[in-house]
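Colleague: I am new to this one. Could you walk me through it and tell me how each label is earned?

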Amino acid sequence: MIDGPTVADAEEVFVRHRRHAVDQRRRALLEGAGELLQRISDLTIQANNAALTSDDRKAIASELSSIHDSLLSLANSTDGTGRYLFGGAADDAAPFAKIN
């Protein structure tokens, strides 16, 4: 007689799928962060243009501030169960905070 899957087998499959989903979420978040960092690079190069007006520079500063907030939000993302993806061993609390 061949035994069917056990509860332990089902739990192992669940854990494997969960890890895979968390890894995919981390990867997507890191890709998003990479895109934001590229935008920061573009803006800093643009801001170095001597022909920009004060209003132009204020607009760039405003966008940089928004990107900062977005990066902070990405860094404090959770896995869907409330555990912070980039919190390391202390994943029960937001690992990053905004300092003014």
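Modeller: Happy to; we will take the overall form, then the helix pair, then a few single residues.

Modeller: This is a predicted model, where local features need pLDDT of at least 70, side-chain atom pairs count only at pLDDT 80 or more, and totals for chains, interfaces and linings use all residues. Residues are numbered from 1 along each chain as its sequence is written, and side-chain values use heavy atoms, with hydrogens and water left out.

Colleague: Which helices and strands does the protein have?

Modeller: There are two helices and zero strands. Helices are DSSP runs of H or I with at least four residues, strands are runs of E with at least two, and both are numbered from the N terminus.

Colleague: Why is the protein called more spread out than a compact globule?

Modeller: Its radius of gyration, taken over C-alpha atoms, is 21 Å, while the globule rule gives 13 Å for 100 residues. That rule is 2.2 Å times the number of residues to the power 0.38. The value is well over the rule, so the protein is more spread out than a compact globule. Along the principal axes, the C-alpha trace spans about 80 × 25 × 15 Å.

Colleague: How do you know how α1 and α2 run relative to each other?

Modeller: Helix α1 covers residues 7–47 and helix α2 residues 54–75; they pack at an angle of about 165 degrees, with axes 10 Å apart. That makes α1 roughly antiparallel to α2, since angles over 145 degrees count as roughly antiparallel, under 35 as roughly parallel, 65 to 115 as roughly perpendicular and the rest as oblique. The axes are lines fitted to C-alpha atoms over the stretch in contact, and angles run from 0 to 180 degrees between N-to-C directions.

Colleague: What makes up the contact of α1 with α2?

Modeller: Contact means heavy atoms within 4.5 Å. Among the residues that meet are Leu 29, Ala 33 and Leu 36 in α1, and Ile 60, Leu 64 and Ile 67 in α2. The residues of this contact divide into twelve nonpolar, three polar and three charged. Here Ala, Val, Leu, Ile, Met, Phe, Trp, Tyr, Cys and Pro count as nonpolar, Asp, Glu, Lys and Arg as charged, and the others, Gly among them, as polar.

Colleague: Why is Asn 76 called buried?

Modeller: Buried means under 20% relative accessible area, exposed over 50%, and partly exposed in between (1.4 Å probe, protein chains only). Asn 76 has 17%, so the label is buried. Asn 76 sits in the segment after α2 and, apart from neighbours within four places in sequence, is in contact with Tyr 84, Ala 94, Pro 95 and Phe 96.

Colleague: What makes Ala 94 count as it does?

Modeller: Ala 94 has 44% relative accessibility, so it counts as partly exposed. Ala 94 also lies in the segment after α2, and its C-alpha is 9.8 Å from that of Ser 73, though they are 21 residues apart in sequence.

Colleague: And how do you know whether Pro 5 is buried or exposed?

Modeller: Pro 5, in the segment before α1, has a relative accessible area of 76%, so it is exposed.

Colleague: Why is His 68 called partly exposed?

Modeller: The relative accessible area of His 68 is 40%, so partly exposed is the label. His 68 is in helix α2.
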